[in-house]
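The exercises that follow are meant to be worked with the sequence and the structure side by side. Try each task before you read its solution.

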Amino acid sequence: MADAAPTPMMAQYLTLKAESQDCLLFYRMGDFFELFFDDAKVASAVLDIALTARGEHGGEKIPMCGVPAHSAEGYLARLIKAGHRVAIADQIETPEEAKKRGGSKALVARAIVRVVTAGTLTEEALLDSRTANWCAAIGEAGGEFAIAAADISTGRFEILECPQDGVGAALARLAPAETVSAEAGTLAGLATVLRPKGEFDSGRGETRLKALFAVATLDGFGAPGRAALAAAGGLVAYLDHTAKGALPFLRPPRVTRAEACMAIDAATRESLELTRSQAGVRRGSLLDAVDRTVTGAGARLLAADIAAPLMDRDAIEARLDLVQRFHDEPGLREDVRAALRALPDIGRAIGRLAAGRGSPRDLGQLRDGLDGAWRLGEKLGRLTEPPALLAGLAPELRGHGALIDLLQRALVPAPPVDAANGGYIAEGYDAALDDLRDAGAGGRRAIAALEADYRERTGIAALKIKHNGVLGYHIEVASKHADALMRPDSGFTHRQTLAGVVRFNAPELHDIAVKVTQAGAHALAAEAAHLEELTGAALDRREAIAATADALARLDVAGALAERAAEGGWSRPALVDHACFEVEGGRHPVVEAALAKSGERFVANDCDLSERSRLWLVTGPNMGGKSTFLRQNALIAVLAQAGAYVPATRARLGLVDRLFSRVGASDNLARGRSTFMVEMVETAAILAQATPHSFVILDEVGRGTSTYDGLAIAWAVVEAIHEDNRCRCLFATHYHELTRLAERCEALSLHHVRAREWKGDLVLLHEVAEGPADRSYGLAVARLAGLPPVTIARAKAVLAKLEAGRERTGGIAAGLDDLPLFAATSVAEAEPVDALRAELAELDIDALSPRDALDTLYRLKGLMDG
């Protein structure tokens with residue numbers, strides 16, 4: 001027997017499910033979004049809601065679960081966080097329209113109106129106010145590569161042109177919620193979503209951008225190359241796909257080149273914990289330790305600044321000038337921060353309105369935010385000799401007078417989120433609307449008077465006139481009083497009997513209710529029309545509003561950095577054109593903050609990397625502070641080029657073009673790499689990419705393998721950095737044998753972290769001093785860590801034997817003093833020739849006669865014996 005055909009509703013669902021592809025499908029049924037089949041199983045598990053069944057399909061019960069439409073955002077947030085994508089299939093006509101179209105049994109038409117993904121969110125409830133939400137696309141053309149990225153919650157649109165080996169680092173900087181690539185693209189492995197290759201055609205991309213921004217040429221956007229056009233076209237196509245034709249707000253793209261920012265690869269970002277700790281959270285990161293912003297937009301911009309330190313010295317100095325003005329004038333700083341603290345996030349408000357997901361409250365936020373920005377702009381405009389950056393920002397805060405006035409006249413002081421019930425247009429804005437409201441209010445007063453009259457006429461004191469969505473206005477009495485109203489001559493008409501109550505209608509009530517209902521419906525329609533007009537007026541100025549939002553964010557960042565500098569005694573870095581790194585009293589901001597909470601003091605240290613001493617070899621015990629010292633100097637470079645004050649008494653720095661950190665490593669089992677392999681891959685990247693303007697920190701290179709191999713690798717790496725890369729470098733090691741290199745490498749200097757033993761206990765001083773460490777403190781650290789005394793005693797005995805042997809033989813570094821420098825041995829040595837293998841490789845076995853084969857065997861045996 002053939003399976004029964006699916007019901008019309010299920011047929012409609014299956015069609016929409018096929019269209020949604022790999023998304024979970026939210027299928028609108030009345031007041032709920034329902035999920036069926038495997039989607040229901042997945043959603044019920046993630047959302048912890050009941051899994052039920054509905055009807056049959058293919059002879060089996062259909063799994064089903066649902067969520068209320070009015071609270072769907074919370075459920076969507078949990079599904080998106082769990083890594084799912086959700087297609088929203090909503091009703092695109094009312095039941096009445098469906099009946100008019102196809103009769104009483106017509107199915108309401110539904111369509112996928114939106115695909116909700118991690119990178120295309122705009123709703124407040126689904127976003128972190130202090131974190132940007134990037135959706136990125138990788139483009140390639142003619143061997144060139146680029147990344148296009150958009151945060152549609154604010155309309156920000158960036159295009160970064162970079163080499164193939166820089167794409168991973170650029171994605172690490174953005175940390176996009178979604179990354180899109182063409183199917184079978186060269187870097188498709190970096191993507192979370194694959195799309196048809198045709199969407200990444202550079203020609204189509206150029207056409208899309210010109211149409212989107214209504215321009216004849218893209219030269220005004222920085223003349224993007226073919227790879228940039230491919231990336232931008234692919235991104236816009238994906239956003240159009242998820243929005244189902246209602247493309248969200250995108251500002252004109254800002255095209256940048258990789259060399260505009262300090263290059264920081266993914267491993268270095270993770271090692272230095274710039275914006276996320278190694279646990280993957282904001283807490284414990286450099287950003288967390290620095291952030292004193294008072295707005296969400298400011299927090300997002302600060303994160304972007306730290307993630308992408310600048311290479312343009314003038315731009316850095318402009319940021320520093322503004323920070324210094326706020327730092328030097330605490331009163332001004334506090335006034336600006338207080339004004340900013342009171343402002344809503346207008347950037348995301350205009351983003352929601354542009355995406356068609358706005359509300360009256362978003363218009364209210366624009367009104368209040370733009371008004372506050374205007375007042376702040378007026379105040380800042382009166383400052384004498386403002387820094388250049390501030391002089392450019394102040395005009396961006398003003399210029400919205402007409403829109404502010406319109407919204408102030410049109411909206412109530414606190415507009416609601418939900419527009420469905422009206423109540424957001426202010427009294428006095430529209431006289432006709434006021435009349436409709438008065439009519440409705442008069443009708444409601446008449447209903448109250450009628451209720452009192454009915455009570456008196458019937459003698460039923462508990463009689464009430466109520467309203468619901470099914471019956472409208474009706475009279476309700478307790479069951480025990482219903483008989484009197486049931487009589488034919490009572491003037492009341494029975495409508496409904498429920499447990500304990502009976503409901504009636506009456507001619508007078510019907511007449512008044514019609515007037516109230518009509519007035520209310522007309523008032524709602526009038527308010528909806530005004531909402532559309534006000535939204536249109538705001539969107540007409542969306543570019544200018546976005547520019548104002550940017551200006552407010554930059555002021556917030558500058559004020560926050562000034563606050564942090566004043567709070568921590570930080571100093572303004574001096575930037576120079578040559579490669580130097582002079583820091584006095586440098587500190588690690590994250591470690592210092594953690595120690596301060598426990599009442600401990602951070603020990604500051606100096607660092608002076610110059611042409612004569614550009615490579616520091618730092619020795620000393622574990623836990624002595626070597627890694628902290630290395631990291632704090634890398635973080636100082638990041639902060640300085642981000643335009644921030646730095647945690648030091650004084651700092652004078654040459655710009656760093658590439659920053660590398662090889663400090664700490666762990667197994668990468670997912671990619672089949674051990675700790676040592678990860679260490680070698682990262683070290684190889686440094687040796688291949690570091691330039692004389694780079695800054696490198698290396699910790700314990702070679703520790704993941706045997707002692708001899710490790711020392712050999714560390715020795716060669718130090719020589720390579722000194723002779724070939726010639727960059728500024730801090731190299732921490734436990735191989736004290738490396739200190740011999742100071743005699744042969746003129747720009748290498750020796751330093752150590754100080755420690756002392758006092759009455760058998762190790763005292764770590766955390767001070768960096770000149771010269772090599774006087775000894776190893778490994779056993780003392782082991783004792784501090786709690787190794788059993790018997791194990792420590794045995795280790796001492798073994799150490800004594802080893803040291804005695806070292807004195808007789810010269811130790812593991814014996815003979816290294818005679819080894820020529822790295823440059824003299826840089827030509828790879830030829831591998832020794834294996835004559836037997838070479839002979840075998842030349843043999844054509846199929847061409848040998850039996851006699852030749854025997855002769856060949858004798859000859860090969862002779863080679864082996866020889």
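## Exercise 1: One strand with two partners

Strand 18 (residues 574-576) and strand 22 (residues 650-654) run parallel and are joined by three bridges. The model is a predicted one, in which local features need pLDDT of at least 70 and side-chain atom pairs count only at pLDDT 80 or more, while totals for chains, interfaces and linings use all residues. Residues are numbered from 1 along each chain as its sequence is written, and side-chain values use heavy atoms, with hydrogens and water left out.

Task: find the residue of strand 22 that is the bridge partner of Ala574, and then find the partner of Glu582 in strand 22.

Solution. Begin with the terms: strands are DSSP runs of E with at least two residues, helices are runs of H or I with at least four, and both are numbered from the N terminus; two strands pair if DSSP finds at least two bridges between them. In general, strands of a sheet pair through backbone hydrogen bonds, either parallel or antiparallel. The partner of Ala574 in strand 22 is Arg652. Strand 19 (residues 581-586) is joined to strand 22 by four bridges and runs antiparallel to it, and here Glu582 has Arg652 as its bridge partner.

## Exercise 2: A sheet and its helices

Task: in what order do the strands of the open sheet of four strands lie, and which strands are at its edges?

Solution. The order is 14-15-17-16, with antiparallel pairing. Strand 14 and strand 16 (493-498) are the edge strands, since each pairs on one side only. Neighbouring strands are turned against each other by 35° on average, direction ignored, where axes are lines fitted to C-alpha atoms (for helices over the stretch in contact) and angles between N-to-C directions run from 0 to 180 degrees. Strand 16 is joined to strand 17 (residues 501-505) by five bridges in the antiparallel sense, and Leu498 stands opposite Val501 of strand 17. Helix 17 (residues 431-458) packs on the sheet, where it touches strand 14 and strand 15, and its direction makes about 135° with that of strand 14. Helix 19 (residues 507-539) lies across strand 14, strand 15 and strand 17, and it runs at about 140° to strand 15.

## Exercise 3: Salt bridges

Task: which parts does the salt bridge between Lys466 and Glu476 tie together?

Solution. A salt bridge is a side-chain nitrogen of Lys or Arg within 4 Å of a carboxyl oxygen of Asp or Glu, and the count by this rule is 50. The side chains of Lys466 and Glu476 meet at 3.0 Å, N to O. Lys466 lies in strand 14 (residues 464-468) and Glu476 in strand 15 (residues 472-478), so the pair ties together parts that are ten residues apart in sequence. For accessibility, buried means under 20% relative accessible area, exposed over 50%, and partly exposed in between (1.4 Å probe, protein chains only). Lys466, at 33%, is partly exposed, whereas Glu476, at 10%, is buried.

For comparison, Glu567 forms a salt bridge with Arg564, their closest N and O atoms being 3.5 Å apart. Both lie in helix 20 (residues 542-568), three residues apart, which is about one turn of the helix. Glu567 is partly exposed at 47%, while Arg564 is buried at 6%.

Conventions. Contact = heavy atoms within 4.5 Å.
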